[in-house]
Each structure stands twice: as C-alpha cells, then as structure tokens.
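Reader: Please take me through the strands and the nonpolar cores of this protein, one question at a time.

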Amino acid sequence: MAQEPVAEGPRTLAEGIEVRPAREDEIDDLMPLMRAYCEFYESSPTDEGVIEMLRTLITDPSQGTVFIARQDDKAVGVATLDWKWSSLKGARIGYLEDLYVDPDARGGGIADALIQLCADRCRELGMPALEWLTAPDNHRAQKVYNRTGAEAGTYVEYDLEL
C-alpha cells in the first residue's frame, strides 16, 4: 500500500478558534460532533452511552480527557483521549479514541491543535506514547496524522462484539 505524502508540519490554528479541555456543561454541544463521527464510521451507539463516556472522561482524569474546539460560540471539533497499558512500551500510554472536526471548519488547523493537546497531556503525565487508529480508506485523516510525525503501524485490528 502506497504511503500518503507527508504534508508540511502542523498547520497554524486559524484565528478565532479556541482549543481546550471540555467542561461537563458542554456535553450537549459535543453531541452533534460525536454523532457525526459515529455516523462516519457507520456506528450507532446510544446517546446515553456516548454521554456517559464524555462525562466520565471530563470528570475523572484517571480515565482520560476530552478536548473541544470552539469557533465563536459553536463546537467545531472534539478529541477524546483515554489511557491504556502497553506491554510493548512497558508503560501506560495515551489512546486517541475519537477525533472529529466539523466539515465546515476543516483546513484551519483544528485537528492538528487537538492532536497536539492530546500529546501534551500525555507528556504531562509522563507517558511515552500516544496511539490511535483510523480506517484504511480515511485518506484525509491520514494526511493530518502524517503531519504530526507519527508513524503508521502495520497491525490488523480485530473487533469481537460481545
């Protein structure tokens, strides 16, 4: 499989966009982004389940965190980050579970800024790595990921529904 070309370094965040940790009172603002993300991946979890995940990640730092990007008064981007143990790293690492930017807000450096915040949080916690995955045909996202300096892995993902 041919590699996507690596784009020049991270994009500068467009003016007027704020990227920061989300607050519990912003969960309703995040839900349209989370729903769009789930629809992109052809998944339909319950709103209650997604809300519980967001609330837990926002209120319990031992579980992870959620970052929000706002433009004016509208949520335009979200990243959810949680922690997992990696035997291959011999440490707890960050796992970028979700990253989504509203299509109308793309190209303004929001995805780069959200990934940077996730990496910064992992560094603050002394974690040696941040990992994530994406669909093989999600070429737009792969271009963003290639800009970060991350290296694409070669593992095949399995998902056992229970």
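**Hairpins and cores**

Author: A starting point is the hairpin of strand 3 and strand 4 in this predicted model. It has 4 residues between the strands, and Gly90 takes a positive phi near 65°.

Reader: How many bridges pair strand 3 and strand 4, and in which sense?

Author: One facing pair across these strands is Trp85 and Arg92, the latter in strand 4. The pairing of strand 3 and strand 4 is antiparallel, and its bridges number 10.

Reader: Which residue in the turn between strand 2 and strand 3 has a positive phi?

Author: Strand 2 and strand 3 run antiparallel, joined by 8 bridges, and Thr65 stands opposite Leu81 in strand 3. The two strands form a hairpin with 2 residues between them. The turn residue with a positive phi, about 60°, is Asp72.

Reader: Is strand 3 mostly covered or mostly exposed?

Author: Buried here means under 20% relative accessible area. By that cut-off, 10 of the 13 residues of strand 3 are buried. Strand 3 is mostly covered.

Reader: Which element gives the most residues to the largest nonpolar core?

Author: This core has 26 residues, and Leu96, Leu99, Ile110, Leu114 and Leu130 touch the most other members. Elements that supply at least two residues each include strand 3 (74-86), strand 4 (91-101) and helix 3 (110-124). With 8 residues, the top contributor is helix 3.

Reader: How many residues are in the second, separate core?

Author: Members of the second core include Tyr37, Cys38, Ile68 and Val78. It is separate from the largest core, and its residue count is 17.

Note on methods: Residues are numbered from 1 along each chain as its sequence is written. This is a predicted model: local features need pLDDT of at least 70, side-chain atom pairs count only at pLDDT 80 or more; totals for chains, interfaces and linings use all residues. Side-chain values use heavy atoms; hydrogens and water are left out. A nonpolar core is a set of buried Ala, Val, Leu, Ile, Met, Phe, Trp, Tyr and Cys residues joined through side-chain atoms within 4.5 Å. Buried means under 20% relative accessible area, exposed over 50%, partly exposed in between (1.4 Å probe, protein chains only). Two strands pair if DSSP finds at least two bridges between them.
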